[in-house]
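Here's a quick briefing to read with the model open in your viewer. It starts with one residue and its surroundings, then moves on to the fold and a few spots to click on.

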Amino acid sequence: LGIVSDMDGRLFDVLAAFELGGIFDPIALATRAGVTKRGGALFRHALAVAGVPPAQVAHVGDNLRSDVEAARTAGITPIHFDPSATGAPRPVPTVTRLLDVPARLQQLEQG
């Protein structure tokens, strides 16, 4: 379970405040990697650090461009987090609650 974020190093303070510091590996930050999510570069960086092929990864994010499209560009299955249920412009696996991610992953694995 990792994090791919365009946020800066303050993310570590946020994780510590919620006692989540040791849960995520890798944590790929744009400011530290020198690349962003857009275009998929930060996702490819995270895959390389984790040593995981993109076909075995899903990314949950709320932004259609920098999360969904960029993850797809890197070969990663995107899951759109859409708490307002506004809908994606084209078919994209979607959840409206983060609690629904495990069930959505299971659906995706079953095809």
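When two residues are said to be in contact or to touch here, heavy atoms of the two lie within 4.5 Å. By that yardstick, and leaving aside neighbours within four places in sequence, G40 is in contact with A70 and A74. Keep in mind that this is a predicted model. Overall, the protein has five helices and five strands, and 30% of its 111 residues are buried.

**G40 and its surroundings**
- G40 is part of the loop that links helix 2 (30-33) to helix 3 (41-50).
- Is G40 buried or exposed? Its relative accessibility is 0%, and buried means under 20%, so G40 counts as buried.
- G40 and A71 are 31 residues apart along the chain, yet 5.9 Å separates their C-alpha atoms.

**Overall fold**
- Going along the sequence, you'll meet the pattern β-α-β-α-α-β-α-β-β-α.
- The protein is as compact as a globular protein of its length, because its radius of gyration of 14 Å is close to the 13 Å that the globule rule gives for 111 residues.
- Taken along the principal axes, the box filled by the C-alpha atoms is roughly 35 × 30 × 25 Å.
- Among contacts with a separation of 6 or more, 32% are between residues 24 or more positions apart.
- The accessible surface is about 6,800 Å², and carbon and sulfur atoms account for 54% of that.

**The three-stranded sheet**
- Three strands make up an open sheet in the order 3-4-5, with parallel pairing.
- Strand 3 (58-61) and strand 5 (94-95) stand at the edges; each has a single partner strand, so one side of each lacks a neighbour in the sheet.
- Strand 4 (residues 77-81) pairs with strand 5 in the parallel sense over two bridges, and V95 in strand 5 is the bridge partner of F81.
- Helix 4 (residues 64-73) packs on this sheet, where it touches strand 3 and strand 4, and its direction makes about 160° with that of strand 4.
- How many bridges join strand 3 to strand 4? There are four, and the two strands run parallel.
- One residue to pick out in that pairing is H59, whose bridge partner in strand 4 is P78.
- In a regular strand, side chains alternate between the two faces of the sheet.
- In strand 3, H59 and G61 make up the covered face, while A58 and V60 are on the uncovered one.

**Helix 3 and its two sides**
- The buried residues in helix 3 include L42, F43, A46 and L47.
- Those four cover an arc of only 140° around the axis, which means they sit on the same side of helix 3.
- What covers the buried residues of helix 3? The cover includes strand 1 (3-5), strand 2 (27-29), helix 2, strand 3 and helix 4.
- On the face turned away from the buried side, helix 3 carries the exposed residues A48 and V49.
- Just after helix 3, G51 takes a positive phi of about 70°.

**Other residues to click on**
- S66 is in helix 4 and is buried, with a relative accessible area of 8%.
- Not counting neighbours within four places in sequence, S66 is in contact with K37, R38 and F43; F43 is also one of the buried residues of helix 3.
- A33 belongs to helix 2 and is partly exposed, at a relative accessible area of 27%.
- With residues up to four places away in sequence left out, A33 touches L42 and H45; L42 is another of the buried residues in helix 3.
- A33 and G2 are 31 residues apart in sequence, and their C-alpha atoms are 15 Å apart in space.
- I23 is in the loop between helix 1 (10-17) and strand 2, and its relative accessible area of 44% makes I23 partly exposed.
- From I23 to I3, 20 residues apart along the chain, the C-alpha separation is 9.9 Å.

Methods. Residues are numbered from 1 along each chain as its sequence is written. This is a predicted model: local features need pLDDT of at least 70, side-chain atom pairs count only at pLDDT 80 or more; totals for chains, interfaces and linings use all residues. Side-chain values use heavy atoms; hydrogens and water are left out. Buried means under 20% relative accessible area, exposed over 50%, partly exposed in between (1.4 Å probe, protein chains only). Two strands pair if DSSP finds at least two bridges between them. Axes are lines fitted to C-alpha atoms, for helices over the stretch in contact, and angles run from 0 to 180 degrees between N-to-C directions. The arc is that of the directions from the helix axis to the C-beta atoms. The radius of gyration is taken over C-alpha atoms; the globule rule is 2.2 Å times the number of residues to the power 0.38. Accessible areas come from the Shrake-Rupley method with a 1.4 Å probe; for residues, only the protein chains shown count as cover.
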